[in-house]
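Student: I have a structure open and want to go through it. Can you help me read it?
Tutor: Yes, go ahead.
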Amino acid sequence: MSIVDRALALVGADPIPFALVERSTGGPQYASLMATNSVRASIMGRRFVAAHAADATGYALAVDAFVRIEGERRDAIIVEHAMAGAPTAEVVACPYQRVDGALSFGDPLPYRIRPSALVPLDPNTLDWGVITPDFYAAGDNRAIHVVNHALEVDDTRTVRFLRARARVFDRHLPASPPPTQECTIDIRGQHVPASRQVDLAARLGDVMAKVTFLRDEEDN
Amino acid sequence: MSYDLVVEGDLDFVDLASAAQDLICADMFPIVGDGGPDAIGIAILSKRTTLDGARDQLRAFLATLEVMGATIHDLYTGSPIEHESDIDELLARVFE
């Protein structure tokens, strides 16, 4: 019996999303996933699986959803499953019908492949597409970011945004000559005290070679 | 200059990276660590597509985010994006 079969055996007449983690020692771990939709249930389920990954031999996430099979909308239990050691999980759609109040399943249909929830995921390893510098000086391999953010109240998101963007650029810019990045922050029309500007530049100091503030003339 | 958003919440990075391939009007990248919640950064650029194209792409993408229950912050205004009219205002700035 496969882990998909074992997961389907746990699906009740009124399907509730759940995560099943099978372990090398002790019994399986099971969690019902109470969420407003199957996407959020799956996200919750993967967190549960990751939290129990240390001694897991395999896992299955089961959520109720609709699928289209040959143009026809069908009820299906979507099962994501993987065994320990595998880098990827297989996701299958198991169409079902209600027969005398119980669910009768058809054959699982391949749906997609995705990273296993048992393997820690570094989202930076995924393909996020291209990068577009605001300005780029090819001669010295220098990218310049220009931002105009609301900074009077909070700059935390700006710092996280720029630090993450710089890390992405580091991976994409040519290796030679060694890439550098700079940032111009437009604060015209805002009151951002000099001490906060110094602090902001310091928090970007390890990813930006230079941080410049574009100020109103009277503030210069 | 791009117009920048930060999306925070319980995110499925795998699905979002896949959706990024269809969001032609923007650069997208993950934001993890640095003492905050899981997030993605989105830099919207006017030179990649038309206003109508960007509107369609953003609405479709934001619908994906809504299903995840994510919160979208417009870094230019400092306010969350909650309504379709917020997208229209954002795009008006990008394509002005």
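Student: How many residue pairs are in polar contact across the interface of chain B and chain A?
Tutor: In this predicted model, the rule finds 20 such pairs, both residues at pLDDT 80 or more. A polar contact is a pair of N or O atoms within 3.5 Å; within protein, one must be able to donate a hydrogen and the other to accept it, and residues adjacent in sequence count only if both atoms are side-chain atoms.
Student: Which element of chain B gives the most to the side that touches chain A?
Tutor: Helix 1 of chain B, with six residues. Helices are DSSP runs of H or I, at least four residues, numbered from the N terminus.
Student: And how many salt bridges across the interface?
Tutor: Nine, a salt bridge being a side-chain nitrogen of Lys or Arg within 4 Å of a carboxyl oxygen of Asp or Glu. D27(B) and R165(A) form a salt bridge with their side chains, at 3.3 Å, N to O.
Student: How many residues does each chain put into the contact?
Tutor: Chain B puts in 44 and chain A 34, where contact means heavy atoms within 4.5 Å.
Student: New topic. How do helix 2 and helix 3 of chain B cross, left-handed or right-handed?
Tutor: Right-handed, which is to say that the near helix is turned clockwise from the far one by less than a right angle.
Student: Which residues of helix 3 make that contact?
Tutor: E84(B), I87(B), D88(B), L90(B) and L91(B).
Student: What about the numbering and letters?
Tutor: Residues are numbered from 1 along each chain as its sequence is written, and chains are lettered from A in the order in which they are written. Local features need pLDDT of at least 70, and side-chain values use heavy atoms, without hydrogens and water.

Terms used: Helix = DSSP H or I, 4+ residues; strand = E, 2+ residues; numbered from the N terminus.
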